[in-house]
Amino acid sequence: MKPLRLDRDEARHIAVRAQLLDGERPTDLLTVVQRLTFLQIDPTAAIAPNADLVAWSRLGDNYQPSHLQAALERDRTLFEHRAMIRPMADLALYRAQMEHWPGEDRPKARDWLRANDGFRRFVLALLRESGPLLSCDIPDRSQVPWPSTGWTNNRNATQMLEILAARGEIAIAGRRGRHRFWDLAERVYSTDVPTRPPAEASAMRNERLLASLGIARAGVVGGAGEQAEVDGTAGIWQVDAGALGQPFVGRTALLSPFDRLVHDRVRAQELFDFDYVLEMYKPKAQRRWGYFALPVLHHDRLVGKLDATADRKAGVLRVHALHQDVRFTKPMTSAVQAEIEALARWLGLSVAGP
C-alpha cells in the first residue's frame with residue numbers, strides 16, 4: 001500500500017494533539033497518564049519534578065502533586081515501575097516482561113540473582129512480615145556482592161530491590177520525598193489483572209505508544225499504525241490513522257525537557273525545526289539556553305526556551321532568559337508571559353526577572 005502523504009503542518013498538529021497539548025485541555029490526571037501511557041520519574045527539580053511538570057503542562061491549575069501521590073498510594077489507579085508511572089489498567093501489558101526479567105540479554109543481573117537466591121528469599125520474607133520498608137531497613141545478606149565500576153558497586157540491598165521490582169515480585173508502595181517504600185507486589189498491584197501473551201502485549205504497547213505520539217518512526221513504535229511520508233523529511237513515518245483529519249486549535253505551553261513532544265530530539269528537529277540539548281550536564285560557560293531550559297510551545301510550533309529556576313527560599317520563579325527561536329509577535333509574547341505567570345502561581349511563587 002502506498003504511504004500516506006502529510007505536510008508538516010498536519011504532522012505537527014497530530015503530534016501536539018496526541019500529547020494533549022492542544023487547546024482542548026484534559027480535566028484529570030488519570031486521563032493524562034492513560035493517553036501519554038507513562039510519566040517519567042526524574043529527580044531533577046530545578047523548577048518541579050518531571051512527572052509533576054508534565055502533568056501541569058496538560059492540566060494547568062487543575063493539577064497538584066498531591067493528586068499524583070493519591071493516585072499511586074491511595075487509589076492505586078497508577079503504579080510506578082522502573083522509573084515510569086503507568087496506568088494500573090496497563091499492568092497486564094507489562095507482566096510478561098516482568099516474569100521473564102532478567103532474560104538472556106541481562107546476563108549480569110540474571111547470574112547475580114541466581115547466585116543470591118537466598119538473599120532474594122530473605123528480602124521477600126522480610127517484606128511479607130514487616131513491609132513496606134525503606135531500602136535502609138533491608139540488611140545486606142548477599143552471598144555475592146554486586147560488581148560495578150559506578151555508584152551501584154556493592155550496593156547489594158538496593159540492587160536486589162531494583163531487580164525484584166523489575167521482576168514484579170515487589171513494588172514501590174509509596175514515596176516520601178526521594179525515599180521509596182518497598183512492599184510485596186501483591187499488596188500494591190491489582191491482583192485481578194491478567195497477563196497478556198508477550199507478542200500481544202508488545203503489539204498493544206506499540207499501538208498505545210503511537211496513539212500517545214501521533215506520529216513516530218517505525219523503530220520507536222514497532223510498525224504500529226499507517227505508513228506516511230512527511231513533506232520536508234526523509235524516510236517513512238508511522239502515523240496513528242485515527243488522528244488524521246482532526247481539527248486543531250492550539251495554545252501556549254511550557255514543557256519539561258523530558259516531555260515526550262521534545263524527548264526525541266531528532267523528531268523535534270525534523271517536524272518542528274527545533275534544536276534542543278539538555279544542558280544541565282554542561283559547564284555553565286558552554287550553555288546556550290540554560291541549566292534546565294523549558295521548551296516553549298505556541299500552537300503547533302516550538303518557538304523558544306525559557307531559562308528559569310524555582311527559588312523557593314526567596315519565593316520567586318527566577319527568569320534568567322527567554323530565548324526566542326523565532327521573533328515573537330505581541331500575541332505570542334503575551335501568551336508566553338501568561339504561561340510563565342501561571343507556572344509561578346502553580347508553584348506558589350512570584351515571577352522575578354526579565
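1. Let me start with a proline: P102 sits in the loop between helix 5 and helix 6. The peptide bond that joins W101 and P102 is cis, with omega at about -5°. Please keep in mind throughout that this is a predicted model. A second cis bond runs from G131 to P132, with omega near 5°, and P132 belongs to the loop between helix 7 (117-130) and helix 8. Most peptide bonds are trans, and most residues other than glycine have a negative phi, which makes these two places good ones to look at in your viewer.

2. On the phi side, two residues other than glycine deserve a glance. L20 has a positive phi of about 60° although it is not a glycine. You will find L20 in the loop between helix 1 (8-18) and helix 2 (29-36), and L20 is buried, with a relative accessible area of 11%. R76 also carries a positive phi, near 60°; its place is the loop between helix 4 and strand 3. R76 is partly exposed, its relative accessible area being 22%.

3. Helix 9 covers residues 198-213, and its geometry checks out: at 1.5 Å a residue, 16 residues should span 22 Å, and the end C-alpha atoms are indeed 22 Å apart. Which residues of helix 9 are buried? They are A201, R205, N206, L210, S212 and L213. Seen down the axis, the buried residues fall within an arc of 170°, so they line one face of the helix. As background, an α-helix has 3.6 residues a turn, so residues three or four places apart point the same way. Just after helix 9 comes G214, with a positive phi of about 85°.

4. Helix 9 returns in the second largest pocket, where it gives the most to the lining, with five residues. Strand 4 (84-87) and helix 5 (95-99) are also among the elements that supply at least two residues each. This pocket holds about 670 Å³ of space. Of its 29 lining residues, F38, M84, R86, Y94 and L209 lie nearest the centre. By class, the lining divides into eleven nonpolar, seven polar and eleven charged residues.

5. What is the volume of the largest pocket? It comes to about 1,200 Å³. The lining counts 47 residues, with I41, E80, A83, R175 and R180 nearest the centre. Several elements give two or more residues to this lining, including helix 3 (50-59), helix 4 (65-73), strand 3 (78-81) and helix 6 (107-115). Helix 8 (156-166), strand 5 (170-176) and strand 6 (179-184) are also on that list. The classes here are 25 nonpolar, ten polar and twelve charged residues.

6. There is one cavity of 30 Å³ or more, and the volume of the largest cavity is about 90 Å³. Its lining is made by Q19, L36, F38, L39, Q40, N50, V54, R58, F258, D259 and R260. Helix 3 gives the most to this lining, with three residues, while strand 2 is another element that supplies at least two. Five of the lining residues are nonpolar, three polar and three charged. If you are comparing linings, note that F38 appears here and also among the residues nearest the centre of the second largest pocket.

7. Strand 2 also takes part in an open sheet of three strands, with the order 2-4-3 and antiparallel pairing. Its edge strands are strand 2 (39-40) and strand 3, each pairing on one side only. Strand 2 meets strand 4 over two bridges in the antiparallel sense, with L39 opposite I85 in strand 4.

8. Finally, the later strands. Are strand 12 (residues 301-311) and strand 13 (residues 316-324) parallel or antiparallel? They pair in the antiparallel sense, over eight bridges, and D307 has A321 in strand 13 as its bridge partner. The two strands form a hairpin with four residues between them, and G315 in the turn has a positive phi of about 75°. Strand 13 is also joined to strand 14 (residues 350-352) by three bridges, this time in parallel. There, R318 stands opposite A352 in strand 14.

Terms used. Residues numbered from 1 in each chain as written. Predicted model: local features only at pLDDT ≥ 70, side-chain atom pairs only at ≥ 80, totals over all residues. Heavy atoms only, no water. Expected span 1.5 Å × (residues − 1). Buried < 20%, exposed > 50% of the residue type's maximum accessible area, 1.4 Å probe, protein only. Arc of directions from axis to C-beta. 1 Å grid on protein atoms, 1.4 Å probe; cavity = no way out; pocket = protein on both sides within 12 Å on 5 of 7 lines; lining within 4 Å. Points joined across faces, edges and corners; volume = space filled by probe spheres on them. Nonpolar A, V, L, I, M, F, W, Y, C, P; charged D, E, K, R; others polar. Pairing = 2+ DSSP bridges.
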